[in-house]
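Work through the two exercises below with the sequence and coordinates open beside you, and attempt each task before reading its solution.

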Amino acid sequence: MGEHRPVVPTVNYPSEHALTHPILEGTTHIRQREPSEQDERTTEDAKTDESERVCPECGGRLVEDETHGETTCTECGLVVSTDEIDHGPEWRAFDSAERDRKKRTGAPTTKMMHDKGLSSQIGWQNKDAYGNTLSARKRQRMQRLRTWDERFRTRDSKERNLKQALGEIERMASALGVPKDVRETASVIYRRALSEDLLPGRSIEGVSTAALYAGIRQMGLPRSVEEVGAVSRVDEMEFKRAYRYINQELDLEIGPPNPEQYVSRFASDLDVSEETERRARDLLETAERQAVHSGKSPVGLAGAALYAAGILTNRKLTQDEVSEVAEVSNVTIRNRYHELMEVAEDGTGQSAAAL
């Protein structure tokens, strides 16, 4: 039987007299909630946790050393507890290959796959778990399962569009040799363009090429428009229009390319010294201060700077060598060379020919 509570008759009184009525005053303790055993146990546990985080000797702060499995005091160095439980893997690895071989978790999520790498995939090997070859009937069944698995992974048109575009970005990025962070950035840009419905009227290949070039520009990688256009399946004019469109609609705020980004790459291909490379950077910095680089191709300026720096440092480079590495004409190298030398000779920005 539960606790017997007296029945209080319902009486309508004004609010200012409700608490002073003798009947209500006598039953006020019934409405108060007494602390339960669970609340007392929680409070005791909290006090215990706080006391466990304090050194019993000096009252200092305790820290956990996961490497040695110990809890020590930061003030006096007392070892409070040892042999703590290690929640990491039970195996050890001494290199990345061994670590990849032993780990039993999946790959991290990535924007470079249409499903972010979360879905499963049936392997192409026609073998069972013991390595035995499947029979003809089971191979046919597995092929049907692979077909349906592929259909379920791309259930609507947007997923099919995304799968094709991300595959195209991966193909072009591999051909250009760009790192993984640039590919991730390009995939995010394409996903934004797809979510904001910017693709109608434009080809998937054109927008994916524009997204890759935008990612390259954002990450400051030295790749020119001509190089990206060379690995694309669309012509250069179409991908340029798509790039300008998504750059404007998505507010990417990508600045103009810096010619200095190409200097290291061209210097490595031309096998010039560090002195020549440093002098080429100085020429480009001077040209930037005088606004000579405005409206000029960054690739041509970088090649002309190295050509001029080679002359100034007694490292004779021919215009044919520089134009072949920079993939511009000899006329471009020659014109940019004269402009850089005029600015270098006259610090005021006025050309020597004008004087």
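**Exercise 1: the largest pocket**

Task: state the volume of the largest pocket, then describe its lining.

Solution. The volume of the largest pocket is about 250 Å³. Its lining comprises 19 residues, and Ser224, Val225, Glu226, Ser297 and Val299 are the closest to the centre. This is a predicted model, in which local features need pLDDT of at least 70 and side-chain atom pairs count only at pLDDT 80 or more, while totals for chains, interfaces and linings use all residues. Side-chain values use heavy atoms, without hydrogens and water, and residues are numbered from 1 along each chain as its sequence is written.

Next, sort the lining by residue class: ten residues are nonpolar, two are polar and seven are charged (Asp, Glu, Lys and Arg count as charged). Then assign the lining to elements: helix 9 (204-218), helix 10 (225-231), helix 12 (263-270), helix 14 (298-312) and helix 15 (319-326) each contribute at least two residues. Finally, domain 1 (157-250) and domain 2 (259-348) each provide at least three residues of this lining, the domain bounds coming from an automatic or database domain assignment.

**Exercise 2: the strand pairings**

Task: establish in which sense strand 2 pairs with strand 1 and with strand 3.

Solution. Begin with strand 1 (residues 62-65) and strand 2 (residues 70-73), which pair in the antiparallel sense over four bridges (pairing requires at least two DSSP bridges). Asp65 stands opposite Glu70 of strand 2, and in this hairpin, with four residues between the strands, Gly69 adopts a positive phi near 70°.

Continue to strand 3 (residues 79-81), which pairs with strand 2 in the antiparallel sense over two bridges. Here Ser81 of strand 3 is the bridge partner of Thr71, and the hairpin has five residues between its strands, with Gly77 in the turn at a positive phi of about 80°.

Conventions:
1 Å grid on protein atoms, 1.4 Å probe; cavity = no way out; pocket = protein on both sides within 12 Å on 5 of 7 lines; lining within 4 Å. Points joined across faces, edges and corners; volume = space filled by probe spheres on them.
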